[in-house]
Amino acid sequence: MKRSELAIFDAEDVRALLDYPSCIQVVREAMKALSRGETRQLLRTMIHMGEGRTFAQMPGALSDDGMFGAKMISVFAQPDNPGVRRHRGLVMMFEPVEGRPVCVADAEEITHIRTAAATAVATDALARSDAKVLLLMGTGGQAHSHLEALPLVRDFERIVIWGRDPARAQSVVETWRTRRPVEVALDAQVAAGEADVICTLTGSREPILFGAWLRPGTHVNIVGSSGPGPVEVDNALVLASRYVADSRASALDAAAEFLVARAAGVVDDSHIVAEIGEVLLGRVPGRRSADEITAYKSLGHAVQDLAAAAYIFQTHGTSHR
């Protein structure tokens, strides 16, 4: 392989070339393809390398005759702030004719953007059309990416930011004050009771959101935990919701909140009513009434990362070799 044959997209390139409207559409089509059985992916494999240190691999193919590749990423707690985890790594793509590697892209930036794009896709499919109040629980990088993506699918009149550290929540608000109708929530229960859409975006090991707090018709995106162990919502919320996963197989393996509820005997496997792709394809209804509580469990998948990287390469690859 020659250096001139490989396109390289660093974090700055990804931010410039993978805009949120395009990524939302890319992820929407990828999730439909996953549920149609057109894509191929293995369950995420993780090598634990001590407390707060994980190396993960996520291989997949967009179709039998489409691009294929893998995301390799480290998830490490930051030494000066153990509650914050960085996702550093690469997405590597191969072309489907000769099997040649054709590009590498910064995985951390793709993960930021496609995660929020996936939440936007699910919110568009499951939230009430008249949703006006958004609550973001978390103050890290995903709070910022969700502030980019969610207003693209709903016209929010209030966006409330809650964090365990109110100063960090205030910092998010100050960053976005001129672009979004943002405000700080000092009381999570009060904020949850007023919200139409809630996103949990934390690394919390214990629930920060409880089913008893929700009003009828709320849609919840459960995003922060991507493996067994840490949970952001309680069993009551899982039970009360019409529960949709990005991938049924992955949820049965790694959706922490669902696994805890199942182990407690609160739900069984049938509680996962659909994959989001099945809802998008019209195979399974999403929201069935204005009063129904819906929940989307986002684990993140290789096909999302690969579809995003393929979009960047196919749109801009020749200029980055």
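What covers the buried residues of helix 9? Start the tour there, after two notes on the model.

This is a predicted model, where local features need pLDDT of at least 70, side-chain atom pairs count only at pLDDT 80 or more, and totals for chains, interfaces and linings use all residues. Residues are numbered from 1 along each chain as its sequence is written, and side-chain values use heavy atoms, with hydrogens and water left out.

**Stop 1: helix 9**

Select residues 256–263, which form helix 9. Helices (H or I, at least four residues) and strands (E, at least two) are DSSP runs, numbered from the N terminus. Ala256, Glu257, Phe258, Leu259 and Ala261 are buried here. Buried means under 20% relative accessible area, exposed over 50%, and partly exposed in between (1.4 Å probe, protein chains only). Now show the cover: it includes helix 7 (235–240), helix 8 (248–254), and strands 12, 13 (242–245), 14 (272–275) and 15 (294–297). Contact means heavy atoms within 4.5 Å. Step on to Gly265, just after helix 9, which takes a positive phi of about 80°.

**Stop 2: Thr218**

Strand 12 (219–222) leads to the next selection. Thr218 sits in the loop between strand 11 (197–200) and strand 12. Thr218 counts as buried because its relative accessibility is 0%. Its side chain reaches the backbone oxygen of Arg215 at 2.7 Å. Leaving out residues up to four places away in sequence, Thr218 touches Arg128, Ala195, Asp196, Ile198, Arg287, Glu292, Ile293 and Thr294.

**Stop 3: Lys71**

Select strand 5 (residues 68–78) and pick out Lys71. Is this lysine, Lys71, buried or exposed? Lys71 counts as buried, because its relative accessibility is 3%. Its side chain and that of Thr111 are joined by a polar contact of 2.8 Å. A polar contact is a pair of N or O atoms within 3.5 Å; within protein, one must be able to donate a hydrogen and the other to accept it, and residues adjacent in sequence count only if both atoms are side-chain atoms. Lys71 also touches residues including Met58, Leu90, Arg114 and Asp305.

**Stop 4: helices 3 and 4**

Show helix 3 (residues 107–126) and helix 4 (residues 141–149). Their axes come within 8 Å and cross at roughly 50°. Axes are lines fitted to C-alpha atoms, for helices over the stretch in contact, and angles run from 0 to 180 degrees between N-to-C directions. Thr111, from the previous stop, is one of the helix 3 residues in this contact. Select Gly141, Gln142, Ser145, His146 and Ala149 on the helix 4 side.
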